[in-house]
Amino acid sequence: MKFSLKQSLQSIENYKVYHIIILSVVVLFAIMFNGFYQLQEEIQNLVEKNRITVSKDIEYTIHTWLEERINNLENGIKYIAKDMIFDDEMQFKRFIETFLDQNPYFDTVQVVIPDLYFYMNSKKSNDFRENPSYVHPILKISPLESRWYLDTKKFLQTTITIVDYHAFLQGKTMNICSPIIQKDEFKGVMCGVLKADSIFQKIQKLQLPHEAYYFIVNAEGKLLSSSEGSLAKEVIEEHFSKIATLDHNDSENIAFKNHIINISKMKQFDWYVGIGMDKDKVFGASLHKIIYHGLALLIGFVCVAIIVSSAFEFMRRRVERKQKEYEFLLEHRSRLAEIGELISGFNHQLRQPINSLSLMLSNILQLSENRALKQDMLEESVQACQKSVQLIDKTMTIFRNFYRCNQEITTFDLNDCIKSVLHIVFTDFVRYNINFSVNENKDIPITMTSVENFVQQILLVLLQNAKDALLEEELKQGNTINKKILITTKAENGKVIIDVIDWGGGIDESASETLFSMTKNSQKRQGSGLGLFFAKKLAQEKLLGDLVLEHSNNPTIFRLSIAQYLTCKE
Amino acid sequence: MHLNTLKLLSTISVLVVEDDAMTLMAIKQGLKPYCEAFYEAKDGYEGLELFKQHRVDIILTDIHLPEMNGFEMITEILSLKPDQLFIVMTSYDTDKNILSSIQEGACSFLRKPLEVKDIQTSLLLCCGKIKSTTKQITPEVMIDYRKESIYKNNELIFLSQKSHKIFWLLCYNIEKLVSYDMFEDYVYSGESINKGALHTAILRIKQQLGKDLVIDNIQNQGYMLKITYRPDK
């Protein structure tokens with residue numbers, strides 16, 4: 001019972017191994033996906049933080065940049081206003097030249113004193129005293145009507161105006177204009193002019209995190225500058241025309257399609273800095289990286305698994321080889337033991353006929369010496385001698401057949417087969433007064449096709465085993481036990497079932513578990529414990545059957561069930 | 001061996017117990033012509049039965065026998081007839097076998113393969129050990145062990161078959177208790193006995209052989225033959 005349980009447990013274990021492998025792979029993937037998800041979140045957070053920092057950075061950069069220029073300009077203006085330099089044209093011209101000379105802040109300077117003149121880059125463009133209705137020849141606009149002048153005059157403070165086309169610098173410019181005020185009286189406007197690009201060039205030098213971009217719009221939603229990867233100019237202008245409503249220090253997050261955009265207003269003027277990023281692109285990039293690393297990890301894992309499993313396989317093979325060697329040695333040993341038993345049986349078997357031969361011959365000799373040898377007596381004796389010789393011959397044939405190890409599949413009668421085995425052990429068994437009967441002496445003919453020699457070998461092991469058990473029990477109990485071995489045979493469902501039954505000591509629970517195992521030789525059931533292992537092996541591997549302990553005590557029954565008709569399988 | 005030598009065997013009866021038919025036949029060939037009687041048995045039980053039925057001087061037995069082995073049989077026989085002579089023959093001359101043979105009191109130990117000469121020699125040697133053939137048990141009665149015959153006043157007398165066996169069982173065990181079991185076993189072939197019938201039979205023997213014959217009844221155990229007569233020397 002226990003044995004079969006152990007076997008089923010074994011099969012469950014085999015089953016489980018696959019489950020464990022599949023389960024661990026699933027878990028691994030789950031962990032990987034979870035890691036991927038978490039990483040994604042983490043990256044998102046990082047990008048978010050970075051975005052805010054960048055936004056501040058840009059603002060700060062612009063702020064300080066402008067601050068410097070405004071300070072520079074205002075200082076200049078203070079000088080002009082204080083000493084009324086603009087009244088003295090020569091002195092004013094010199095001041096402008098000095099101001100521009102090696103000035104890192106402005107590309108050029110333009111000054112409008114509406115009562116006097118309009119100076120552009122230390123050169124007088126127009127004298128309003130001579131030509132009050134001056135119109136710029138290229139721009140077709142009077143400086144007094146241009147936006148920078150009007151704004152500055154209106155607010156009486158420094159303004160920044162973007163001019164689409166500056167005649168002198170020939171391009172888009174930024175005019176930082178401050179009013180010239182003397183004794184609370186507006187006298188004119190002085191502007192430091194820069195190429196509009198220069199501020200944005202400065203900003204573009206800022207490091208932006210991956211996949212993030214910035215853009216700067218003015219209050220009207222007009223795009224002033226943007227970095228690569230930004231939304232299209234039209235889109236920004238369309239969507240951000242309304243942001244003028246933002247409060248001074250506020251920043252606001254706006255989601256647009258897949259873009260997350262953080263808008264904040266600049267302190268000095270109505271410009272808005274937007275830092276945005278495309279979620280999909282960020283995730284795409286991180287996904288790409290994660291997949292790349294994840295795959296590398298997976299491949300590494302698979303490699304390790306392969307290495308480990310092959311190492312394990314290698315070890316297993318080595319152990320298996322060792323085991324095979326051990327098995328071979330044991331088989332050899334068991335065979336030797338079996339041969340020993342057989343030889344002793346053979347010896348005993350031959351004694352009787354040799355004994356009777358010797359007696360008979362000495363008889364004839366004596367009678368002949370005494371001249372009392374009668375013809376009929378001589379004939380009778382010689383015939384008896386012949387019988388003995390035939391018996392010897394028969395015994396030798398059976399033994400030789402038994403140990404010729406004929407592995408051919410033949411058709412034979414089971415009874416004859418059993419009788420041959422009994423013949424081999426007969427003398428030995430009689431010697432110990434062990435009786436045996438086959439099928440209670442009823443003749444049940446069973447014809448089978450199998451390897452007769454193997455069947456005999458297994459039966460021999462079982463008989464020897466039973467004999468040993470009986471003798472052991474006899475030693476324990478004295479002469480009171482019934483030393484009998486029963487063999488029953490039956491054929492059913494294409495199987496031949498042979499039971500070998502004895503009333504010996506039986507097999508206790510603990511021993512029955514390891515009864516058929518290889519290592520059991522030391523505490524065998526007094527007999528060929530080793531033989532049982534190989535007998536079982538033979539039955540399973542060569543005869544398509546099995547050898548089991550059917551009943552462990554009183555009586556002890558070993559059941560050999562093998563295929564009745566074995567087809568050539570090799 | 002010369003015929004004259006073999007003639008010495010002519011007064012003895014032999015029981016051979018051997019399971020191998022061929023061997024038995026060969027021994028028979030070599031002994032039967034020279035012995036007074038020759039009995040053959042195939043196993044211990046048969047040997048025991050033959051012993052009970054016939055007068056046997058020497059038993060020649062194999063040790064390894066089916067059903068009941070040689071030693072078991074010998075033990076049984078010795079319990080009935082303590083002076084029985086026997087020879088052991090075996091293929092397995094193990095120390096254990098030889099020792100057992102000595103313990104049981106075997107005359108001789110023969111190793112197989114045998115030769116007829118060896119058996120004959122052993123038998124002859126054993127002949128010498130046969131108990132003095134005659135014994136005066138009362139002033140009137142003398143018994144001859146070898147022939148199992150009884151003389152009253154030097155005249156041969158015969159008892160009935162049962163009485164004969166009862167008397168001889170007592171004679172084999174002179175001054176020893178013969179239990180009811182032994183009577184049962186030897187005289188009545190194992191059938192349980194009627195104590196009254198046995199008592200009657202013994203009384204009849206006493207009547208036939210004279211008053212001097214002392215056969216005591218030991219309560220619930222059996223009988224004992226006592227010899228009160230001491231011949232003058």
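## A briefing on chains A and B

In α2(B), the residues that count as buried are B:M22, B:T23, B:M25, B:A26, B:I27, B:Q29, B:G30 and B:L31. That makes this helix, residues 21-31 of chain B, mostly covered, with eight of its eleven residues buried. Please keep in mind as you read that this is a predicted model. Chain A has two sheets to look at, one of six strands and one of five, and the contact with chain B follows after them.

**Chain A overall**

- Chain A contains eleven helices and 18 strands.
- Of its 570 residues, 31% are classed as buried.
- Among the contacts in chain A with a separation of 6 or more, 62% are between residues 24 or more positions apart.

**How confident the prediction is**

- The average pLDDT of chain A is 79, and 85% of the residues reach at least 70.
- One stretch to treat with care is residues 520-528 of chain A, where pLDDT stays under 50. The model nevertheless has 27 contacts beyond four places in sequence for this stretch.

**The six-stranded sheet of chain A**

- This sheet is open, its strands pair in the antiparallel sense, and the order across it is β3-β2-β1-β6-β5-β4.
- The edges are taken by β3 (123-127) and β4 (159-166) of chain A; each has a single partner strand, so one side of each has no neighbour in the sheet.
- On average, and ignoring direction, neighbouring strands here are turned by 25 degrees against each other.
- If you follow β1(A), residues 108-113, you find it antiparallel to β2(A), residues 117-120, with four bridges joining the two. The residue opposite A:V111 in β2(A) is A:Y119.
- The link between β1(A) and β2(A) is a hairpin through three residues.
- With β6(A), strand β1(A) also pairs in the antiparallel sense, here over five bridges. In that pairing A:T108 has A:V193 of β6(A) opposite.
- Five of the six residues of β1(A) are buried, which leaves the strand mostly covered.
- Lying across β1, β4, β5 (171-182) and β6 (185-195) of chain A is helix α3, residues 147-155. The helix runs at about 170 degrees to β4(A).

**The five-stranded sheet of chain A**

- This second sheet is open too, with mixed pairing and the order β13-β15-β16-β18-β17.
- Its edge strands are β13 (435-438) and β17 (546-551) of chain A, and because each has a single partner strand, one side of each is without a neighbour in the sheet.
- The average turn between neighbouring strands, direction ignored, is 20 degrees.
- β13(A) runs parallel to β15(A), residues 484-492, and four bridges join them. One of the pairs to look up is A:S437 with its bridge partner A:L486 in β15(A).
- Helix α8 of chain A, residues 414-431, packs on this sheet and touches β13, β15 and β16 (495-502). Its direction makes about 175 degrees with that of β13(A).
- Helix α9 of chain A, residues 452-477, packs on the sheet as well, touching β15, β16, β17 and β18 (556-563). For this helix the angle is about 20 degrees, taken against β16(A).

**Nonpolar cores**

- Which residues have the most contacts inside the largest nonpolar core? They are A:I96, A:V109, A:V189, A:M190, A:C191, A:Y214 and A:V273, in a core of 48 residues.
- Helix α1 of chain A, residues 2-83, gives the most to this core, with eight residues.
- A:M190 is a good place to start exploring: beyond its neighbours within four places in sequence, its contacts are A:L73, A:G76, A:I77, A:I80, A:V109, A:V111, A:C177, A:S178 and A:I180.
- Another core lies apart from the largest one and has 45 residues, including A:L357, A:L359, B:I63 and B:V116.

**Where chain A touches chain B**

- Chain A puts 22 residues into the contact and chain B puts in 21.
- On the side of chain A that touches chain B, α6 (279-369), α7 (375-403) and α8 each supply at least two residues.
- The most comes from α6(A), with 13 residues.
- Sorted by class, this side of chain A has twelve polar, seven nonpolar and three charged residues.

Conventions. Residues numbered from 1 in each chain as written. Chains lettered and ligands numbered in written order. Predicted model: local features only at pLDDT ≥ 70, side-chain atom pairs only at ≥ 80, totals over all residues. Pairing = 2+ DSSP bridges. Axes fitted to C-alpha atoms, helices over the stretch in contact; angles between N-to-C directions. Contact = placed C-beta atoms within 7 Å. Nonpolar A, V, L, I, M, F, W, Y, C, P; charged D, E, K, R; others polar. Buried ≥ 20, exposed ≤ 12 C-beta atoms within 10 Å, placed from the backbone. pLDDT = per-residue confidence, 0-100. Core = buried A, V, L, I, M, F, W, Y, C linked by C-beta atoms within 7 Å.
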